Amino acid sequence: MHGPDSTHDPALRSWVESANEPTTDFPIQNLPFGRFRTHRNEPWRIGVAIGDQVLDLKLAAELCPWPARVSVWLEPLSAGNLNAFMALGARPRRALRAALSAALSEKSDQSPFLELCLVPQAQAQMSLPCDIGDYSDFFASIHHATSVGRLFRPDSPLMPNYEWVPIGYHGRASSIEVSGMHVPRPNGQYKLPDQERPIFGPSRRLDYELELGVLVGAGNDRGQPKTLLQAEEDWFGLVLLNDWSARDVQSWEYQPLGPFLAKSFATTISPWVVTQEALQPFRAPFQRDESRPPPLPYLESAANREYGHVDVHLEVWLQSAAMRERGQSPVRLSHSNFKDAAYWTIAQTMAHHTVNGCNLRPGDLLGTGTLSGATPEQGGSLLELSAGDWQPVILPGGETRSFLLDGDTVMLRAWCDRKGARRIGFGPCVGTIDPAVAWPPA
Ligand code: CA
């Protein structure tokens, strides 16, 4: 890992005034990448969030003088191709960050050019930040695995493999969309508790899952696994991820091959990729309870123990249709932290993913799994917060929820904050449940 540098200096200020607001998610110390356009007929291009603005990298490449190597990196970004930049690996990532940080800082002499390259975020339409070829979802919170396991298997909540192997499954990339998406309630097969045969219809137990998504930087050739050290270099950045889940469909279909239609109908991610470099001041040790076995050697290193985790605060907020009609703000349902929730680090899940020779490609998405904390109110899903429908969550205004209703808007938030560092945020990850499609059609 690269140590802190001048781009992390908490005293660094930008000539973009809104980036100096204490509450902004996007100060000059963050500089996340996103893909945007301002008109429907325009091609997508890559921008960097700064305060309440987007620095348009296509315009920046055209209008502003840059060192030659920076111009080379800006080329694919101008064309909206973040994957090509991701493929280049850690060194260009760090060098472009340094160049953008200098260009956006108060003392920059590039500001007269770059002032012409700002687009208000309010006018930017966002897409997925990159092309996501493959999506795998892990199960990295031992608290989530235990509390959900307890609902299904009270005697042995944690499966015996859990302590040893990062559990995951292959997700569906085609239904991943960016924040703001509407999710029709999925139809599917499920069994009601008192009935012998399954029925077909709209899911009655629709849920969200609070996760982070890891976007892969440089990939690996098939048959050439990544070491833990390479995996650490080669994750590009993080987004928020909501892994919508139909619990009734899931419990009927998941044995023996795992989740299928209960998860594949929709996944929502936040538009801005917070890079590994921006997260550098918030790295944290990988520590485990002494009762847990040490990881097998391919998942074990001094560097991973020293700073393998990332200290990211996470929140889930909900606004029902009735709350929206009354003009009532969303309510916070839970709060947890990535480093406390995750039993495995990002590098461990990535190294494990490739250890059989599987090739990851730039832009592939790895979900962490639901990031529930140790206590019941830190549950990263409604299934956990309502104790499997036994203790419904009470919303302001008196409504209750064990699962999501049509019109519910779920918003995930994340930020990093530590003494001696500038607070950075992820921007929201929002999705709204729409009524199910009538199926089969009349
Ligand atoms: Ca999940």
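This report covers a five-stranded sheet and a nonpolar surface patch in a predicted model.

## Sheet layout

Five strands make up an open sheet, in the order S4-S3-S2-S1-S5, and their pairing is antiparallel. The edges are held by strand S4 (118-120) and strand S5 (125-127); each has a single partner strand, so one side of each lacks a neighbour in the sheet. From one strand to the next, the twist averages 50°.

Strands of a sheet pair through backbone hydrogen bonds, in either a parallel or an antiparallel way.

## Strand S3 and its partners

Strand S2 (residues 45-50) and strand S3 (residues 53-56) run antiparallel and are joined by four bridges. In this pairing, Ile50 is opposite Gln53 of S3. S2 and S3 form a hairpin, with two residues between them. Gly51 lies in the turn and has a positive phi of about 55°.

S3 is also joined to S4, by three bridges, and these two strands run antiparallel. Here Leu55 stands opposite Leu118 in S4.

In a regular strand, side chains alternate between the two faces of the sheet. In S3, Gln53 and Leu55 point one way, whereas Val54 and Asp56 point the other way. All of these residues are buried, that is, under 20% relative accessible area.

## Surface patch

Trp164, Leu296, Tyr298 and Val355 make a nonpolar surface patch of about 330 Å². Trp164 sits in the loop between helix H6 (142-152) and strand S7 (168-170). With a relative accessible area of 38%, Trp164 is partly exposed. That value meets the patch requirement of over 30% relative accessible area.

How values were computed: Residues are numbered from 1 along each chain as its sequence is written. This is a predicted model: local features need pLDDT of at least 70, side-chain atom pairs count only at pLDDT 80 or more; totals for chains, interfaces and linings use all residues. Side-chain values use heavy atoms; hydrogens and water are left out. Patches are made of residues with over 30% relative accessible area and no salt bridge: like charges are joined within 9 Å, nonpolar side chains (Val, Leu, Ile, Met, Phe, Trp, Tyr) within 5 Å. Accessible areas come from the Shrake-Rupley method with a 1.4 Å probe; for residues, only the protein chains shown count as cover. A salt bridge is a side-chain nitrogen of Lys or Arg within 4 Å of a carboxyl oxygen of Asp or Glu. Buried means under 20% relative accessible area, exposed over 50%, partly exposed in between (1.4 Å probe, protein chains only). Two strands pair if DSSP finds at least two bridges between them. Axes are lines fitted to C-alpha atoms, for helices over the stretch in contact, and angles run from 0 to 180 degrees between N-to-C directions.
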